[in-house]
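Me: I would like to learn how to read empty space in a protein model. Please start with the general idea and then turn to the case at hand.

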Amino acid sequence: MEERQAIAEVPLAEQPHWDATQSRILDAADELISRRGVHGVTIAELARRAGHSRPTIYRSWSDADDVVRAALLRRVAGIVSQFPTEPLTRPDLVDDVLRFSVRFRADEVYGRLLADEPEVFTRYTLQRVGSSQRLILSWLAAAIRAAQQSGTVRTGDADAIAVMLLLIAQSAVLSHGTVSELISEESWERELRAALDGLLRP
């Protein structure tokens, strides 16, 4: 069986990078979001927990909201990095999107937002296309182009297909808690798989 090509060979969108100081501040943001939610993230509290001055934080970010967005981007980048190879076929691609969805829901920070602050999750992920979504879209588009080469994914603009793929998966993840009493986990995954496969099928 042909080995899956390393995804690093196809450049993704600009990969985020944070130095040691920024990472400590984002670690503090992760902790605050996990414990108190987004509303508990303030510049003063971030400075106290990270052990840095407020001017140090302002050198990298304009306000607490900006820090939250950076923290969420870092979480997404960490999940995407767990998929180091490109899919060879449509089933491979669908499997990857489903695994991403499961890991996204299980993430400590995103899981907290989905469970306790869905309106905040919507504000940060659905109301506008931010850095986190662009990183996911770049990963999806690269994966779609790779799978198109096998003929198992329909031809077309990979970037446009990636947008719809993200919308389907994102909506399913956001609504998961709402419909958990109506559909089993197994059925949820099966139906999401069918929706993703239907979008990609030639």
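The dialogue below deals with cavities and pockets.

Reply: This is a predicted model, where local features need pLDDT of at least 70, side-chain atom pairs count only at pLDDT 80 or more, and totals for chains, interfaces and linings use all residues. Residues are numbered from 1 along each chain as its sequence is written, and side-chain values use heavy atoms, with hydrogens and water left out.

Me: How is empty space found, and how many cavities of 30 Å³ or more are there?

Reply: Rolling a probe the size of a water molecule over the atoms shows where empty space is left. A cavity is a set of points, on a 1 Å grid over the protein atoms alone, where a 1.4 Å probe fits but cannot get out. Points are joined across faces, edges and corners, and a volume is the space filled by probe spheres set on them. The count here is 1 cavity, with a volume of about 180 Å³.

Me: Which residues line the largest cavity closest to its centre?

Reply: Lining residues have an atom within 4 Å of a point. Of 18 such residues, Phe100, Phe104, Ile136, Leu166 and Gln170 are the closest to the centre. By class, the lining has 13 nonpolar, 5 polar and no charged residues.

Me: What is the volume of the largest pocket?

Reply: A pocket is an open set with protein on both sides within 12 Å along at least five of seven lines. The largest pocket has about 170 Å³, and of its 12 lining residues Arg69, Ala70, Gly130, Ser131 and Ser132 are the closest to its centre.

How values were computed: Ala, Val, Leu, Ile, Met, Phe, Trp, Tyr, Cys and Pro count as nonpolar, Asp, Glu, Lys and Arg as charged, and the others, Gly among them, as polar.
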